[in-house]
Amino acid sequence: MTIVAVGISESEAHCCSDSKISNSGNAASGLTDLSAKILCFSYFSHFSVKKPRKRVSSLARSAVFCYAGSTLVANSVFAIGSNFCRNLYRNDKRTQASLKDVAEVFNYIFQQVMTDINSRRTPNSFVDCEFSLLGFCPKDKRFRAFHVCSKADIQGWSSEVFELANPGWCVLGDKLAFHKHLNKHKQVSHLSGQMPSIADVVRDAINDPEFPGVGGDVQIAICSKTGIDFAPIMSKTTDPKVVRKQFCGVDLDNFQKTSGGFLIGDHGEGTLWRGD
């Protein structure tokens, strides 16, 4: 089980997750602590003009995909869905695709992938996944977030898409672990007058032995009007002069400059830092 928290406001959209993938049927047994639960992709809107007759593409727009549940399902949906969204096309009107259009494409891929994978599994071994898509919608000129999940009824399995209210937030994965530590932070924030940090809530859940399926390190993505920032995390160490730097759960302490002189920096959660 994992934790992903998604939030949206008038000024930004963001999500925060852990980075652990558990062994199926044994949450305490982790396959890896270095998995990306937050992924970024670009989508394009293509259209045709008659004089002269040619295909024209608008500028690419970025969005975030984050998930909880089966990694096989999620990675398959992300890979195929992001490819589909590079080829969104209309031949009757010059317009930009909205994030809702993108969510509907991903929902279609989700249905196809879920049907295929579960048709090959043994009875009572159903795998599932839920995911959110978020970012600044260029068509509507506002931040939007959509959630896609399974829906089971008397007619069988299907999926549904719903939009998060703005402002608003939702939790994917282990909701019990998240709300346990959110309530603790709310008690502290009530006394201090400060709003609880979602990153701190997720970090505390990661360190809680009561929830062995949550683990690894904190990952954060922040959506602005200009694009997507994946924020490095700075943590204290036993040495007060040394700060541990991580990006997407991976340590940066031993990262060397590329041949072109580049490092990973410099946007951090709660602070700024630079590699030099």
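The following questions and answers go through a predicted model of one protein chain.

Biologist: What should be known about the model, and how many helices and strands does the protein chain have?
Modeller: The model is predicted, so local features need pLDDT of at least 70 and side-chain atom pairs count only at pLDDT 80 or more, while totals for chains, interfaces and linings use all residues. Residues are numbered from 1 along each chain as its sequence is written, and side-chain values use heavy atoms, with hydrogens and water left out. Helices (H or I, at least four residues) and strands (E, at least two) are DSSP runs, numbered from the N terminus. The protein chain has four helices and 20 strands.

Biologist: What share of the 276 residues of the protein chain counts as buried?
Modeller: Buried means under 20% relative accessible area, exposed over 50%, and partly exposed in between (1.4 Å probe, protein chains only). Of the 276 residues, the buried share is 43%.

Biologist: Which helix gives the most to the largest nonpolar core?
Modeller: A nonpolar core is a set of buried Ala, Val, Leu, Ile, Met, Phe, Trp, Tyr and Cys residues joined through side-chain atoms within 4.5 Å. The largest one has 30 residues, and F41, F65, V73, V77, F106 and F131 have the most contacts inside it. Elements that each supply at least two residues include β5 (38-43), β8 (61-69) and α1 (71-84). With 10 residues, the helix that gives the most is α2.

Biologist: Which residues does F106 touch?
Modeller: Contact means heavy atoms within 4.5 Å. Residues up to four places away in sequence are not counted here. On that basis F106 touches F41, F65, V77, F78, G81, S82, C85, F131 and L133.

Biologist: Is N107 buried or exposed?
Modeller: N107 lies in helix α2. Leaving out residues up to four places away in sequence, N107 touches V148, S159, E160 and V161. Because its relative accessibility is 12%, N107 counts as buried.

Biologist: Where is K141, and is it buried or exposed?
Modeller: K141 lies in the loop between β10 and β11. Its phi is positive, about 55 degrees, although K141 is not a glycine. At 65% relative accessibility, K141 counts as exposed.

Biologist: What is the relative accessible area of N124?
Modeller: N124 is in the loop between α2 and β10. N124 is not a glycine, yet has a positive phi of about 65 degrees. N124 is exposed, and its relative accessible area is 86%.

Biologist: Which peptide bond is cis, with omega near 0 degrees?
Modeller: One of the residues in this bond, P167, lies in the loop between β12 (156-163) and β13 (168-173). The cis bond runs from N166 to P167.

Biologist: Which residue in β13 is the bridge partner of G7?
Modeller: Two strands pair if DSSP finds at least two bridges between them. Strand β1 (residues 3-8) and β13 run antiparallel and are joined by six bridges. β13 is mostly covered, with five of its six residues buried. The bridge partner of G7 in β13 is W169.

Biologist: How much of the accessible surface of the protein chain belongs to carbon and sulfur atoms?
Modeller: Accessible areas come from the Shrake-Rupley method with a 1.4 Å probe; for residues, only the protein chains shown count as cover. The accessible surface of the protein chain is about 15,300 Å². The part belonging to carbon and sulfur atoms is 52%.
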